[in-house]
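Okay, thanks everyone, let me get the structure up on the screen. I'll go from the overall fold to one group of aromatic side chains, and then to a few backbone oddities.

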Amino acid sequence: PTAIGFDGDVLWVAEWEGGLVACDPADPATVLRRTVVGVKAPYHPAALSVWAGKMYTLDAAQGRILRHPQAEPERVEASWPTPGPAPAALAHDGQNLWSYDAATKLLYRHLGEGPEAQVETFSLALDAVPTALRWHKDELWAWDAKGKQILVLRRKDKVFELKQSASLPAGAQSLLLTYRADEKNVQRLELWTLSPDVSGETSLKKFLVRR
């Protein structure tokens, strides 16, 4: 497994060899569906984002973004090159896709989709290497592979500044954020991570966020 995403009902897991697995978020060990993306190899999805009936995967093998219909994720509707040579993370903010490139060390806001789409560039106000991204309202959450921590970033003009951070010894190959109602029916924020252990095995972990 390389990445996780959530469509509001189903938890999706991308696999390095091109597989996509739908799991029950209440019991992620329960597989609801398993499929393989029908695209010419090599194809290695390193990031996954789901929004408005579409699924987006970041192909680390060929440096491109693929768009899939959520109902038929094995099918590719469109694909286009990433703006940088070493794409590492992908997220959707509700209007636009965002990506981070490890070579240019820039965040990109994609203004549209497809090969002709323009991008805006943004820098980081800290020394970090984001390898997983997820938007939560106006905050960009990221896993910093260099500092081994979760970052909460806020945009100021063309720069993303650090708002909060928290160490996470287990690491986060991928992450997502959901809400859960507690015993008082108050919506509590949860952080899900896809975390490798020392043996190389990967597990899904869920944390309650206290801020």
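**An all-strand chain and its aromatic cluster**

So, the protein chain has 19 strands and zero helices. Keep in mind that this is a predicted model.

How does the radius of gyration fit with a compact globule? For 211 residues you'd look for something near 17 Å, and the protein chain comes in at 16 Å, so that agrees. The C-alpha trace spans about 45 × 40 × 35 Å along its principal axes. Of the 211 residues, 45% are buried. Now take contacts between residues at least 6 apart in sequence: 38% of those join residues at least 24 apart. On the outside, the chain exposes about 10400 Å², with 50% of that supplied by carbon and sulfur atoms.

Okay, aromatics. Counting ring centres within 6.5 Å as a pair, we get five aromatic pairs. Let me show you two of them. In one, Trp 98 and Phe 122 have their ring centres 5.1 Å apart and their planes at 45°, so we call that pair tilted. Trp 98 is in strand E10, residues 97-101, and Phe 122 is in strand E12, residues 118-124, so you're looking at a link between distant parts of the chain, 24 residues apart. Both of these residues are buried.

Stay on Phe 122, because its ring also pairs with Phe 160: centres 5.8 Å apart, planes at 70°, so edge-to-face. Again the link joins distant parts of the chain, 38 residues this time, from E12 over to strand E16, residues 159-167. Phe 160 is buried, just like Phe 122. Put together, Trp 98, Phe 122, Trp 135 and Phe 160 form one aromatic cluster. And look at Lys 158: its charged end sits over the Phe 122 ring, 4.4 Å from the centre.

Last bit, the backbone. Which peptide bond is cis? That's the one from Ala 41 to Pro 42, with omega near 0°. Pro 42 is in the loop between strand E4 (27-36) and strand E5 (45-51).

Then two lysines. Lys 105 isn't a glycine, yet it has a positive phi of about 60°. You'll find Lys 105 in the loop between E10 and strand E11 (106-111), and it's exposed, at 55% relative accessible area. Lys 137 also has a positive phi of about 60° without being a glycine. Lys 137 is in the loop between strand E13 (130-136) and strand E14 (139-144), and at 69% relative accessibility it counts as exposed.

Notes: Residues numbered from 1 in each chain as written. Predicted model: local features only at pLDDT ≥ 70, side-chain atom pairs only at ≥ 80, totals over all residues. Heavy atoms only, no water. Phe/Tyr/Trp six-rings, centres within 6.5 Å; stacked < 30°, edge-to-face > 60°. Helix = DSSP H or I, 4+ residues; strand = E, 2+ residues; numbered from the N terminus. Buried < 20%, exposed > 50% of the residue type's maximum accessible area, 1.4 Å probe, protein only. Lys NZ or Arg CZ within 6 Å of the ring centre and 35° of its normal. Rg over C-alpha atoms; globule rule 2.2 N^0.38 Å. Contact = heavy atoms within 4.5 Å. Areas by Shrake-Rupley, 256 points an atom, 1.4 Å probe, with all protein chains shown as cover.
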